[in-house]
Amino acid sequence: MKRSVKSISILPAYRLKAAVALAGAALVSFGLSAARADELAVWDDQTFEGQSAVIEQLNKEFEAAHPGVTINRTARTFDDMKLTLKLAVSAGDGPVVTKVNQGAGDMGAMVKEGLLLPVDDYIKTYGWDKRQSDSVLARDRWDGPKFGVGKTYGISGLAEIVGLYYNKKILDDAGVALPQTFEELLAALDKLKEKGVAPFMMGSAKQHLALHMIGAIDQAHIDAANRAELDDLIYGKGGTWNTKGNIESARLVQKWAQGGYFYPGFEGISGDDAVQLFISGQGAFLISGTWYFGDMQNNPDIGFMAIPAPKGISKPMSVGGVDLAWAITSLAKDKTKQDLAGQYIDYMVSEKAAESWAAAGYLPATSLPADAKPKLTPLLTSGIEMWKTLNANDALGHYPDWSSPTMLKTIDDNTPLLLSGKITPEAFVDAMDKDYQAYLKDKK
């Protein structure tokens, strides 16, 4: 949902000479199999420079702790992962360990076809349920077509919250106070527009900033005490997307797109490029997720907060959860390979890994060790406090595209039409609901 650079297969320099030597030895060794027991093929989606550096370091540490084991890493964008992962595993030439998007379209589909293995034994062995809450782990559970229950098929290393980035300098220069309610946010946007400042940075040519904006606004208007309807939608229990709240959120975003509240030319700008423009000082606000913390910390004027709730909502929900889950594929053919995969995932969600992510400015899903003293950026400090509050309030929301295998495509196909005014907010939400109702019918 958030990656855009090209896929890369990475062999670190520190292993290059050894790899050449091994390749030469393989040519004269008659008994060497193509898939060595001490090699672990891993796909991940950490394609941003800062994230990739953390993964490379963690891989190096894992290899050092497991002499003779080699991690064969491939980094893929979110969109590339969606396009190729299931096909590669089905064909027998994919990864043994992979990141996989939760929801019906990816994890659910792969579980249905027997392409992922349950990790419940490793949850017990390593105590993963002590590191992350049951409500978080439930996002990786499937029982046939039922989402959120049954066996567990993954666990994530990073927490994710979609919130409101703001540029303090731009707001101060415009004489705009940081909004504390949704009503104050609307007034701030109007004032910024009157002063000739782009209220929102936006890019809709690629990635999913508009999806996150619509979802975040809608869920900020839901009190956690009333979350059951949203949970039922996401977990495939039924309901409808065709609600007043969803329609009004789509209407507001359409108004912003049509009324000059977005950065000029947003239709031709990708989401990732919009983020870089925001970091450079363009736009007062941007709605997106904590996965950009590593980039955003390069501008000290940028802060992060929850979408301000409207008056009357005491525990507003926030879109989010965890990043793509680490999972074991059906290509782990024997117990030895499966256990090696389990050991690798355990390290990726360990307190040590959490400390490394925090040191790089990212929000870990696993709590930091009690004696850890990483230097936290202001952004990460805000993110950690938000994560604690959301979990305490049971207010961690959902990505709408998790609700059906084809929902992301449906939203992507209709969002440009909504922003350009070619379809009404009602038609946009109706397209989502028709997709969802068809999925429910197919499940029966």
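**β9 and β11.** I started with the pairing of strand β9 (residues 159-167) and β11. They run antiparallel and share four bridges. The model is predicted, and I read it as such. I looked for a bridge pair at residue level and found N167 opposite I302 of β11. Next I checked the two faces of β11, which covers residues 302-305. I302 and F304 point to one side, G303 and M305 to the other. Buried or exposed, I asked of these four? I found all of them buried, so I noted both faces of the strand as covered. A reminder to myself: side chains in a regular strand alternate between the two faces of the sheet.

**β4 and its partners.** I moved to strand β4, residues 97-100. V97 and K99 point one way, T98 and V100 the other. I noted all four as buried, K99 included. Then I looked up the pairing. Which way do β2 and β4 run relative to each other, parallel or antiparallel? β2 (residues 39-44) pairs with β4 in the parallel sense, over two bridges. W43 has T98 of β4 as its bridge partner. Strand β13 (residues 325-329) also pairs with β4, but antiparallel, and I counted four bridges there. K99 faces W326 of β13. I wrote down the general point beside this: strands of a sheet pair through backbone hydrogen bonds, in either the parallel or the antiparallel sense.

**The three-stranded sheet.** I then went to β6, β7 and β8. They form an open sheet in the order β7-β6-β8, with antiparallel pairing. The edges are β7 (146-147) and β8 (151-152), each pairing on one side only. How many bridges join β6 to β8? I found two, between antiparallel strands, with β6 spanning residues 141-143. One residue pair I noted is W142 with K151 of β8.

**The chain end, K444.** I looked up K444 and found it in the segment after α19 (425-443). Its relative accessible area is 86%, over the 50% cut-off, so K444 is exposed. I also checked a long-range distance. K444 and P145 are 299 residues apart in sequence, yet their C-alpha atoms are 9.1 Å apart in space.

**L376.** This residue sits in the loop between α16 (351-359) and α17 (378-392). I got a relative accessible area of 33% for L376. That value lies between the 20% and 50% limits, so L376 counts as partly exposed. What does L376 touch, once neighbours within four places in sequence are set aside? I listed A358, T381 and I384. I also took the C-alpha distance from L376 to Q51. It is 16 Å, for a sequence separation of 325 residues.

**Positive phi values.** I searched for residues other than glycine with positive phi. Most residues other than glycine have a negative phi. Q207 has a positive one, near 65°. Q207 lies in the loop between α9 (182-194) and α10 (209-220). Its relative accessible area is 13%, under 20%, so I marked Q207 as buried. D394 is another entry, with a positive phi of about 50°. D394 lies in the loop between α17 and α18 (407-419). At 43% relative accessible area, D394 is partly exposed.

**Whole protein.** Last, I pulled the overall values. The protein holds 19 helices and 13 strands. How does the radius of gyration sit against the globule estimate? The protein has 22 Å, and a compact globule of 444 residues would have a value near 22 Å, so the two agree. The C-alpha box along the principal axes is roughly 75 × 50 × 40 Å. Of the 444 residues, 57% count as buried. I looked at contacts with a separation of 6 or more: 78% of them join residues 24 or more positions apart. The exposed area is about 18600 Å², and carbon and sulfur atoms supply 55% of it. I closed with the charges. There are 46 positive and 54 negative ones, and their mean positions are 1 Å apart.

Notes. Residues are numbered from 1 along each chain as its sequence is written. This is a predicted model: local features need pLDDT of at least 70, side-chain atom pairs count only at pLDDT 80 or more; totals for chains, interfaces and linings use all residues. Side-chain values use heavy atoms; hydrogens and water are left out. Buried means under 20% relative accessible area, exposed over 50%, partly exposed in between (1.4 Å probe, protein chains only). Contact means heavy atoms within 4.5 Å. The radius of gyration is taken over C-alpha atoms; the globule rule is 2.2 Å times the number of residues to the power 0.38. Accessible areas come from the Shrake-Rupley method with a 1.4 Å probe; for residues, only the protein chains shown count as cover. Lys and Arg count as positive and Asp and Glu as negative; His and the chain ends are not counted. The place of a charge is taken as NZ of Lys, CZ of Arg, CG of Asp or CD of Glu. Two strands pair if DSSP finds at least two bridges between them.
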